[in-house]
Amino acid sequence: MHSSPGLPTQTRSNPHRRPRLSSHRIRESLTSRFAKCLCSILLTLVLVAGIIVFILWLSLRPHRPQFHLVAFAAPGVATRAGLSGSPISFNVTDRNPNAKIGIYYDAMFGSVYYKDRVVGSGPVMFPFFQPPKNTTLITGQLSGAAIEAGGTLSSQLSAEAAAGRAELRLELNSTIRFKVKTWDTHHHHLHVECDLVVGSDGSMLPESKNIKCPIYF
Ligand SMILES: *[C@@H]1O[C@H](CO)[C@@H](O)[C@H](O)[C@H]1NC(C)=O
Ligand SMILES: *[C@@H]1O[C@H](CO)[C@@H](O)[C@H](O)[C@H]1NC(C)=O
Ligand SMILES: *[C@@H]1O[C@H](CO)[C@@H](O)[C@H](O)[C@H]1NC(C)=O
C-alpha cells in the first residue's frame, strides 16, 4: 500500500488524461466523418448536375441542316460561250433534322463554279424560317456569266459538256440561327457545296442525283 504511492496519482491522472484524449479523438473523427459525408454529398450533387446538363445538351444540341442535290440544269453549257448568258436552274432539298429546333435563314446566295472559277451566281432564297423536322425545297434560277479572263476555260467547259461530261460545283451560302424554344443561338455562316456532273444537254448525270452536299460552318 505504501510501496506504491505514485500509482493512485498515476491512475488518478490517467483517467483525467484519457477521456480528454479520446473525446478529442471522437470530435476529430466526427468532424472528419462529417467532412467526408459532406464531400460525398457534394460530389453526388455535382455528378447529378453534370448528368442533367449532359442530357439537356444532348436533347437541345442543334443538328446541322442536310442538303441534297435533286436536280440541276444548265441547257446552254455545250454552246461556244460556255454558260455566259444562259440560265442555270437547280433544286436542292434542305432538311432540318431537329425535332424541337427551328432554323432562321438569312437570304441565301448561290454560285456555280467550273474549276474554281464562277460561271454563274445570284440570289436564291429570301430570308425564311424552317420549322423542326421540315424539308424545304430550294429552287434556284441563276444566270450564267462569262468566266473572267477565262476564254479558254469557257471553251474547255463547252467542249467537255459537248463530249458528255463536265464537272461543276454548286455552292450555297447563308447565315443561320437556331431557335431553341424561346432562346435564339448566335449566327453561323452556312456554306453548302454540291459537286456535280452535267451532260451535253446541261442536265446533271444520274451519278449526281440526290448526292449529299457537305456543309461548312
Ligand atoms: C425543280 O422543281 C420544280 C418544282 O418541282 C420543277 O418545276 C423544276 O423543273 C425543277 N428544276 C429542275 C432543274 O429540274
Ligand atoms: C416546311 O415549312 C414550310 C414553311 O413553313 C412549309 O411551307 C412547308 O409545307 C413545310 N414542309 C413540310 C414537309 O412540312
Ligand atoms: C455568300 O457569297 C456571296 C458571293 O461570294 C457573298 O457576296 C455573300 O456575302 C455571301 N453571304 C454570306 C451570308 O456569307
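Leaving aside neighbours within four places in sequence, N98 is in contact with R61, P62, H63, I103, P132, K133 and F178 in this predicted model. The residue sits in the loop that joins β2 (87-95) to β3 (101-105). Although it belongs to a loop, N98 is buried, with a relative accessible area of 4%; the cut-off for the buried class is under 20%. One of its contact partners, H63, also takes part in a polar pairing: a polar atom of the N98 side chain lies 2.7 Å from the backbone nitrogen of H63.

**Chain as a whole**

The chain contains two helices and 12 strands. Read from the N terminus, the order of elements is α-β-β-β-β-β-β-β-α-β-β-β-β-β. Of the 217 residues in the chain, 33% are buried. Among contacts with a separation of 6 or more, 69% are between residues 24 or more positions apart. The accessible surface of the chain amounts to about 13,400 Å², of which carbon and sulfur atoms supply 62%.

**Helix α2**

Helix α2 spans residues 151-162 and has 12 residues. From its first C-alpha to its last it reaches 17 Å, close to the 16 Å expected at 1.5 Å a residue. Which residues of α2 are buried? They are L153, S154, L157, S158 and A161. These residues lie on the same side of α2, because they cover an arc of only 140° around the axis. An α-helix has 3.6 residues a turn, so residues three or four places apart point the same way.

The cover over the buried residues of α2 includes the strands β4 (108-114), β5 (117-125) and β8 (166-180). On the face turned away from the buried side, α2 carries the exposed residues G151 and T152. Just after the helix, G164 adopts a positive phi of about 105°.

**Ligand surroundings**

Three ligands are described here by the residues around them and by the share of their accessible area that the protein covers.

| Ligand | Surrounding residues | Accessible area alone | Share covered by protein |
|---|---|---|---|
| Ligand 1 | A71, S89, N91 | 360 Å² | 42% |
| Ligand 2 | P131, N134, T135 | 370 Å² | 31% |
| Ligand 3 | F109, N173, S174, T175, H189 | 360 Å² | 46% |

For ligand 2, an oxygen atom lies 2.4 Å from an N or O atom in the side chain of N134. The protein covers 31% of the accessible area that ligand 2 has on its own.

Ligand 3 has an oxygen atom 2.3 Å from an N or O atom in the side chain of N173. The protein buries 46% of the 360 Å² that ligand 3 exposes when taken alone. Which element gives the most to the shell around ligand 3? It is β8, with three residues. The strand β8 (166-180) is also among the elements that cover the buried residues of α2.

Definitions and conventions:
Residues numbered from 1 in each chain as written. Chains lettered and ligands numbered in written order. Predicted model: local features only at pLDDT ≥ 70, side-chain atom pairs only at ≥ 80, totals over all residues. Heavy atoms only, no water. Near = heavy atom within 4 Å. Polar contact = N/O pair within 3.5 Å; in protein donor to acceptor, adjacent residues only side chain to side chain. Areas by Shrake-Rupley, 256 points an atom, 1.4 Å probe, with all protein chains shown as cover. Helix = DSSP H or I, 4+ residues; strand = E, 2+ residues; numbered from the N terminus. Expected span 1.5 Å × (residues − 1). Buried < 20%, exposed > 50% of the residue type's maximum accessible area, 1.4 Å probe, protein only. Arc of directions from axis to C-beta. Contact = heavy atoms within 4.5 Å.
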